[in-house]
Amino acid sequence: MTSDKEKKRKRVQDGTVQPKKKKAATQSAVEQPQPSTVKVASVQLDNNSCPPIIATHPGLRIPGSVQFQAYSKQALSKSRKKPGRNAASATSSLMLQSSSHSKLDYTAKEDGPGGRESHLKHYIGVFDPATGKLSVVEARKMAVRGVVRSQQPGEEDLQSRVTSKNMRELRTDLGQAFGTRKAKKALAAITENAIVDPDQETETLAATSQAVMSEIGKVTHTMTSQGELEARATDAKPRPPGNFEAREIQDVYTFQGLIGMEILNAIPIKDWQDAVKKGSNKTFHSAFIASRFNPIGEGLDPTIRLKALRYLEFLIKFSKLIKGRSPRVPAADKLREVLDPAPEPVIQNIRRKFSSSQLIDKQHKELLYTHCFALAAILTNFEFESAQLRYDLGLDEKQFALYFKEIGGKIKKVVGAEKGPQIQMAVLSLPLEFPKTRYIRMKR
C-alpha cells in the first residue's frame, strides 16, 4: 500500500523548522566558549585625534562620496575648576565642513549651550567577544545642514544683459522717431538727467555754463567739508583725551593723559600704603574702590596705580553732587569736605575740568562719567563687571552702556557662576567702536 511506502516527517517540538546551515552555525557558536565576565575600558583620545561622530541630517540625502574636513576651536572655559582628564574634549568645539558637492555646502555643528541635547553625552562601544573587552569612547552628536552655494552668472546671462541694454537704446531711438510729443518730452528729460562722464560733460558745456560753474566753485570752496564736520562733532563729544591711532590698547588712554603727572604726584596715598603693608581692612564709601584696593596695592607698580585709584575715588565723590536739573558746585569749604583728603591742586583741577561757572551741565556730567570709565578700564586690565561702578555713580545698565560706548568700549552679557540674570561686562579693546554721528535732515 501507499501508506507503507510513504515516510512520516518528524515533528519539531516548537513548531518551527530550522535550516540545516543556520542550525550548524548556531551549534558552532554555542560550542565556542564565551568569557564569563566583560571588562569595560574607557578610551582616551589625545588633542590631535578626532573623536567619533554621531551625525544626523534631517531633510537631507547626503551622497556617500562627500568628504568632510574637521575643524576644532578651543572654547573659553568660564569655570574656575582645575582641568581634568577630559578637559580637551569639554573645552573644544568641533565643526565639520564639506564643499565637495557640486552645488551644496555641508556644515555639521554641535548643539551649543542651551540646546535641546547640550546636557547629554554620547558614547560608542566596541565589544570584542574573543577577549570579553568592551572599549567605550566619547562621541560628538552633530547635525548636518546644507546650504546652496552661490553661483557666478554664466556668459549667456552677461550676453543677455548686454542685449537688453542695446534693446533699450533701440526703443529710445524708435520713440524719438515715431513717438508722440509727450513721449519725446519724457525721453528728453531722461537724457538731461542722465549721469555723464565728467570729461565728456566739460566738453559739452557751453561758455555760459562754464562761467556759472566757476562762480559756484569760488563760493563753495570755503564751505566746510564732510570730514571737517565729523571732526568738529567728535571734538564736541564728552570723550576723554587719548591716542586713538595707537596699536596697543594700553596706549589709547593713559594716566598721564587722563589726570596729568603734576596732579598725579600731588595725590596723597601714605595711609593707603600703610594699610596695604599691615593687611588691615579699610572702609570705603565706594564698592568699586573697595574691590580693587588690595589687588592694586599688592600688584605691579602699586604707587602710580594707587594714586590713580584715589583720583577715581575723588571723581566718584564729586559725582554725588550731581542732583537735580541744574546741579551746582558747592562753596570752597564744602567742596574740600566732600573731596577730603584731596589737596587744593587736585580739588581745583576737578572743579575746572568738570564744571563751568560753578554749574555742572550735561556736557561736564557726561565727561565726568567717561573719565571714570576710562580710569576703571585701565585699573582692571580693560575688562570689568559694571555693577559696582554703576552703583557708585547711580546709573542703570542702559545709561552705563551709552556712556561706555563713548570711549570706544563694548558691552557683553555673560551668564554668572550661578543660574540667574546675566552679568553686564565692560570691555575696552581694539579696534575701538565709537557710536556713529547722526545728522538731522533739513525739512523741505
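Here are legends for several close-up views of one predicted model.

**View 1. The whole chain, before we zoom in.**
Start with the big picture: the chain has 444 residues, and 26% of them count as buried. Its backbone is built with 18 helices and 10 strands. If you look at contacts with a separation of 6 or more, 64% of them come from residues 24 or more positions apart. The accessible surface adds up to about 33000 Å², and carbon and sulfur atoms hold 53% of that. How many salt bridges does the structure hold? The count is 12, and the next few views pick out some of them.

**View 2. Arg 149 reaches Asp 105.**
Here the side chains of Arg 149 and Asp 105 come together in a salt bridge, with N and O 2.7 Å apart. Arg 149 sits in the loop between strand 7 (133-148) and helix 4 (155-178), while Asp 105 belongs to strand 5 (residues 104-110), so this pair ties together parts that are 44 residues apart in sequence. Is Arg 149 buried, exposed or partly exposed? With a relative accessible area of 22%, Arg 149 is partly exposed; the cut-off for buried is under 20%.

**View 3. Lys 270 and Asp 274, partners in helix 11.**
This salt bridge joins the side chains of Lys 270 and Asp 274, at 3.0 Å from N to O. Both residues lie in helix 11 (residues 270-278), and they are 4 residues apart, about one turn of the helix. Here's a handy rule to keep in mind: an α-helix has 3.6 residues a turn, so residues three or four places apart point the same way. Lys 270 counts as exposed, at 54% relative accessibility. Asp 274 is partly exposed, at 27%.

**View 4. Lys 362 and Glu 366, partners in helix 16.**
Now look at helix 16 (residues 362-379), home to both Glu 366 and Lys 362, which are 4 residues apart, or about one turn of the helix. The two form a salt bridge, and their closest N and O atoms are 2.5 Å apart. Which of the two is buried, and which is exposed? Glu 366 is buried, with a relative accessible area of 11%, whereas Lys 362 is exposed, at 58%.

**View 5. Helix 13 and a salt-bridge network.**
Helix 13 (residues 302-319) has 18 residues, and the distance from its first C-alpha to its last is 25 Å. That is close to the 26 Å expected at 1.5 Å a residue. The helix is mostly covered, with 14 of its 18 residues buried. While you're here, look for Asp 271, Arg 310 and Glu 313, which are linked in a network of salt bridges.

**View 6. Inside the largest nonpolar core.**
In soluble globular proteins, nonpolar side chains tend to be buried together. The largest nonpolar core of this model has 62 residues, and the ones that touch the most other members are Tyr 311, Phe 318 and Phe 373. Which helix gives this core its largest share? That's helix 16, with 11 residues. Leaving out residues up to four places away in sequence, the neighbours that Tyr 311 touches include Ile 259, Ile 263, Val 346, Phe 354 and Leu 375. There is also a second, separate core of 7 residues, with Val 66, Leu 94, Ala 108 and Met 142 among them.

**View 7. Rings around Phe 384.**
The structure holds 13 aromatic pairs. One of them is Phe 384 with Phe 400, an edge-to-face pair at 6.3 Å centre to centre and 90 degrees between the planes. Phe 384 lies in strand 8 (residues 383-385) and Phe 400 in helix 18 (residues 397-405), so the pair ties together parts that are 16 residues apart in sequence. Phe 384 also pairs edge-to-face with Phe 404, at 6.0 Å centre to centre and 85 degrees between the planes. That second pair links strand 8 and helix 18 too, across 20 residues. Both Phe 384 and Phe 404 are buried. Ring pairs join Phe 288, Phe 373, Phe 384, Phe 400 and Phe 404 into a cluster.

**View 8. What covers helix 18?**
The buried residues in helix 18 include Phe 400, Ala 401, Tyr 403 and Phe 404. Their cover includes helix 16, strand 8 and helix 17 (387-393). Strand 9 (410-415) and strand 10 (422-427) are also part of that cover.

Methods
Residues are numbered from 1 along each chain as its sequence is written. This is a predicted model: local features need pLDDT of at least 70, side-chain atom pairs count only at pLDDT 80 or more; totals for chains, interfaces and linings use all residues. Side-chain values use heavy atoms; hydrogens and water are left out. Helices (H or I, at least four residues) and strands (E, at least two) are DSSP runs, numbered from the N terminus. Buried means under 20% relative accessible area, exposed over 50%, partly exposed in between (1.4 Å probe, protein chains only). Contact means heavy atoms within 4.5 Å. Accessible areas come from the Shrake-Rupley method with a 1.4 Å probe; for residues, only the protein chains shown count as cover. A salt bridge is a side-chain nitrogen of Lys or Arg within 4 Å of a carboxyl oxygen of Asp or Glu. The expected span of a helix is 1.5 Å times one less than its number of residues. A nonpolar core is a set of buried Ala, Val, Leu, Ile, Met, Phe, Trp, Tyr and Cys residues joined through side-chain atoms within 4.5 Å. Rings of Phe, Tyr and Trp (its six-membered ring) pair if their centres lie within 6.5 Å; planes under 30 degrees apart count as stacked, over 60 as edge-to-face and the rest as tilted.
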